[in-house]
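Visitor: I would like to learn how to read a model of this kind, one feature at a time. Could you take me through it slowly?

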Amino acid sequence: MYSILPILFAILWPVKSHDLIAQNLGTNNFGGYHTGIDILLPLNTPVFAICDGTVVLNHTDYNYDSGFENYWNSFLIVEHKCNNEKIYGYYGHISSSFQKLDRVKSGSLIGYVIMAKSIKDKVTPEGIDRPSNTHLHFGLNKSFLTNQWGYVPSLAGVYKLGWINPITYLNISD
């Protein structure tokens, strides 16, 4: 279920400690397909920018209108310039003081992992809450998406919407 990555990275990784991946890109969970990876981390773990970039959205800019509003309680989206290409980094479940149009430098501190709230289990009629583990949801996309990240209905949707596997993109060997 979990995979452990070695601590040998070709370029920056968004955290400097802990490398346990709880969920991969495309993994079917909670009735949808995952658009990034979940890195299990202790509360308040520092999160760093993978490349230079500009903040395009902070959680305070977003009007939650999806069923995941309790789960996606805090996130930051950064338009990065990595390896001379534009890519959007989606950093979920973090607190950050960065605001729209703030610049970030490669390796700079951009926030801290916070406790994610639970989500409603839509499978059971009782609507049982499933608590989530404390983690960083880290996704990469070639496009800026405001309401199509976290989970999508199908695996084809993951790729159609332009989600990229962060492990492959960041050249992490296993």
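Guide: Let us begin with a bridge between strands, keeping in mind that this is a predicted model. Leu140 of strand S15 stands opposite Ile164 in S17, and the two strands, S15 and S17 (residues 163-164), pair in the antiparallel sense over two bridges.

Visitor: Which residue is the bridge partner of Gly89 in S15?

Guide: The partner of Gly89 in S15 is Leu140, the residue that also stands opposite Ile164. The pairing of S9 with S15 is antiparallel and comprises five bridges.

Visitor: How many bridges join strand S5 to S15?

Guide: Strand S5 (residues 37-40) is joined to S15 by four bridges, and these strands run antiparallel; within this pairing, Ile37 has Phe138 as its bridge partner in S15.

Visitor: Is S15 mostly covered or mostly open?

Guide: The general idea is to count residues whose relative accessible area falls under 20%, the cut-off for calling a residue buried. In S15 seven of its seven residues are buried. One side of the strand carries His135, His137, Gly139 and Asn141, while the other carries Leu136, Phe138 and Leu140, and both faces are covered.

Visitor: What should I look for in an open sheet, and what is the order of its three strands?

Guide: Read the order of the strands, then look at the edges. Here the open sheet of three strands has the order S6-S12-S10, with antiparallel pairing. Strand S6 (46-48) and strand S10 (94-95) each have a single partner strand, so one side of each is left without a neighbour in the sheet. Between S6 and strand S12 (residues 109-113) there are three bridges in the antiparallel sense, and Phe48 stands opposite Leu109 in S12.

Visitor: How many salt bridges does a search of the whole structure find?

Guide: The search finds two salt bridges, and for a pair of this kind one reads the N to O distance against a cut-off of 4 Å. In one of them, Lys105 pairs with Asp52, and their closest N and O atoms are 3.8 Å apart. This pair links distant parts of the chain, 53 residues apart, with Lys105 in the loop between strand S11 (103-104) and S12, and Asp52 in strand S7 (residues 52-58). Lys105 is exposed, at a relative accessible area of 54%, whereas Asp52 counts as partly exposed at 27% relative accessibility.

Visitor: Which side chain meets that of Lys142 in a salt bridge?

Guide: The side chain of Lys142 meets that of Glu85, at 2.3 Å from N to O. This pair too links distant parts of the chain, 57 residues apart: Lys142 lies in the loop between strand S15 (135-141) and strand S16 (151-152), and Glu85 lies in strand S9 (residues 85-92). Lys142 is partly exposed, with a relative accessible area of 40%, and Glu85 also counts as partly exposed, at 27% relative accessibility.

Visitor: What average pLDDT does the protein have?

Guide: The average is 75, and 69% of the residues score at least 70. Among the elements, strand S1 (residues 3-4) has the lowest mean pLDDT, 44, and S11 the highest, 98. Over residues 1-11 the pLDDT is below 50, although this stretch has 27 contacts in the model beyond near neighbours in sequence. The pLDDT is also below 50 over residues 60-71, a stretch with 25 contacts beyond near neighbours in sequence.

Terms used
Residues numbered from 1 in each chain as written. Predicted model: local features only at pLDDT ≥ 70, side-chain atom pairs only at ≥ 80, totals over all residues. Heavy atoms only, no water. Pairing = 2+ DSSP bridges. Buried < 20%, exposed > 50% of the residue type's maximum accessible area, 1.4 Å probe, protein only. pLDDT = per-residue confidence, 0-100. Contact = heavy atoms within 4.5 Å.
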